[in-house]
Amino acid sequence: MREEIKIKILENLLEEITKRYDYFISKQEEKYKETYEKAVKDSLTGLYNRFYFLDTLRRSIIRTKRKRKREKVFIIFVDLDNFKPINDYFGHIEGDKVLKEVAKILKENFREYDIVSRFGGDEFLVLFVGEELPIDRVEKIKKIVEDKFKKYHLSFSYGISVYPDDIKEKNLYTDNIIKKLLKIADERMYKMKEEKKEKSRNT
């Protein structure tokens, strides 16, 4: 009888230890997830931040180099024209709402595994890896954003760079490739801005 009582006590003790251990592990996992989210996500929009984007871009370029397949790395640099007046005249709360909504539109219209990030301010970057970029999808997103925020006269400009197509130099370090791709995408985005301004002046 005493042995049975001892066994029962040990079983109860073991069950309690297991429960506490499981609780401890779940709390640690929650804490890790929370810390990870803060490290890689933009606090306002919930999109990936620039550091995560650049790290993933670096790994994507290295992987593409090794594979030597038809797969390409596309960078889409997005900038919102006339965003500043929203903050100036309607307040930063309204401006934040617009950024969150644009982030949501971008996220919903790219593939789940594409990297959509907020680069800072009203600039966004998208990393798309594949044989071909569906440009009609980018144009669709542009139209959705501009239609939704027509009352603010908000406009959507973008520039695209492609690896390896836009890199003519051989044996460039990966970090230099990244700098060049970002510069090219940025320049093409500003070219679109200037073309829109020119068109506006002529109408």
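In what order do the elements of the protein run from the N terminus on? They follow the pattern α-α-β-α-α-β-β-α-β-α, and that makes six helices and four strands. Please keep in mind as you turn the structure around that this is a predicted model. Of the 203 residues of the protein, 38% count as buried. Among contacts with a separation of 6 or more, 70% are between residues 24 or more positions apart.

Let us begin with the strands. The four of them form an open sheet in the order E2-E3-E1-E4, with antiparallel pairing. At the edges are strand E2 (115-120) and strand E4 (155-163), each of which pairs on one side only. From one strand to the next, the twist averages 20°.

Now walk across the sheet from the E2 side. E2 and E3 are antiparallel partners over five bridges, and the two strands form a hairpin with two residues between them. In the turn of that hairpin you will find Gly121, with a positive phi of about 55°. The next pair is E3 and E1, antiparallel over eight bridges. Strand E1 (residues 72-81) is then joined to E4 by nine bridges, and this pair also runs antiparallel. One bridge to pick out here is that between Asp81 and its partner in E4, Ser155; both residues will come up again at the pocket.

Two helices can be placed against this sheet. Helix H2 (residues 50-67) lies across E1, E2, E3 and E4, and runs at about 25° to E3. Helix H4 (residues 92-109) packs on the sheet as well, touching E1, E2, E3 and E4. The direction of H4 makes about 5° with that of E3.

How many of the eight residues of E3 are buried? Seven of them are, so this strand is largely enclosed by the rest of the structure. A good residue to look at is Phe124, which sits in strand E3 (residues 123-130). Because its relative accessibility is 0%, and buried means under 20%, Phe124 counts as buried. Val78 stands opposite Phe124, and so does Arg118. Leaving out residues up to four places away in sequence, the contacts of Phe124 include Leu47, Ile76, Phe77, Leu80, Val102, Ala103 and Leu106. Leu99 is also touched by Phe124; these two residues are 25 apart in sequence, and their C-alpha atoms are 9.8 Å apart in space.

Another contact of Phe124 is Ser117, a residue of strand E2. Is Ser117 buried or exposed? It counts as buried, because its relative accessibility is 0%. Besides Phe124, Ser117 touches Leu47, Tyr48, Asn49, Phe53 and Leu125, again not counting residues up to four places away in sequence.

Next, the largest pocket, which has a volume of about 400 Å³. It is lined by 14 residues, and those closest to its centre are Asp81, Asn82, Glu146, Ser155 and Lys196. Here, then, are Asp81 and Ser155, the bridge partners from E1 and E4. Helix H5 (135-148) and helix H6 (174-201) each supply at least two residues of the lining. H6 gives the most, with five residues. By type, the lining divides into two nonpolar, four polar and eight charged residues.

Finally, some details of the backbone in the loops. Most residues other than glycine have a negative phi, and most peptide bonds are trans. Which residues are joined by a cis peptide bond? They are Tyr163 and Pro164, with omega of about 10°. Pro164 belongs to the loop between E4 and H6. That loop also holds Asn171, whose phi is near 60°, a positive value in a residue other than glycine. Asn171 is exposed, because its relative accessible area is 79%. In the loop between H5 and E4 you can find His153, where phi is likewise positive and near 60°. With a relative accessibility of 61%, His153 counts as exposed too.

Technical notes. Residues are numbered from 1 along each chain as its sequence is written. This is a predicted model: local features need pLDDT of at least 70, side-chain atom pairs count only at pLDDT 80 or more; totals for chains, interfaces and linings use all residues. Side-chain values use heavy atoms; hydrogens and water are left out. Buried means under 20% relative accessible area, exposed over 50%, partly exposed in between (1.4 Å probe, protein chains only). Contact means heavy atoms within 4.5 Å. On a 1 Å grid over the protein atoms alone, a cavity is a set of points where a 1.4 Å probe fits but cannot get out, and a pocket is an open set with protein on both sides within 12 Å along at least five of seven lines; lining residues have an atom within 4 Å of a point. Grid points are joined across faces, edges and corners, and a volume is the space filled by probe spheres set on the points. Ala, Val, Leu, Ile, Met, Phe, Trp, Tyr, Cys and Pro count as nonpolar, Asp, Glu, Lys and Arg as charged, and the others, Gly among them, as polar. Two strands pair if DSSP finds at least two bridges between them. Axes are lines fitted to C-alpha atoms, for helices over the stretch in contact, and angles run from 0 to 180 degrees between N-to-C directions.
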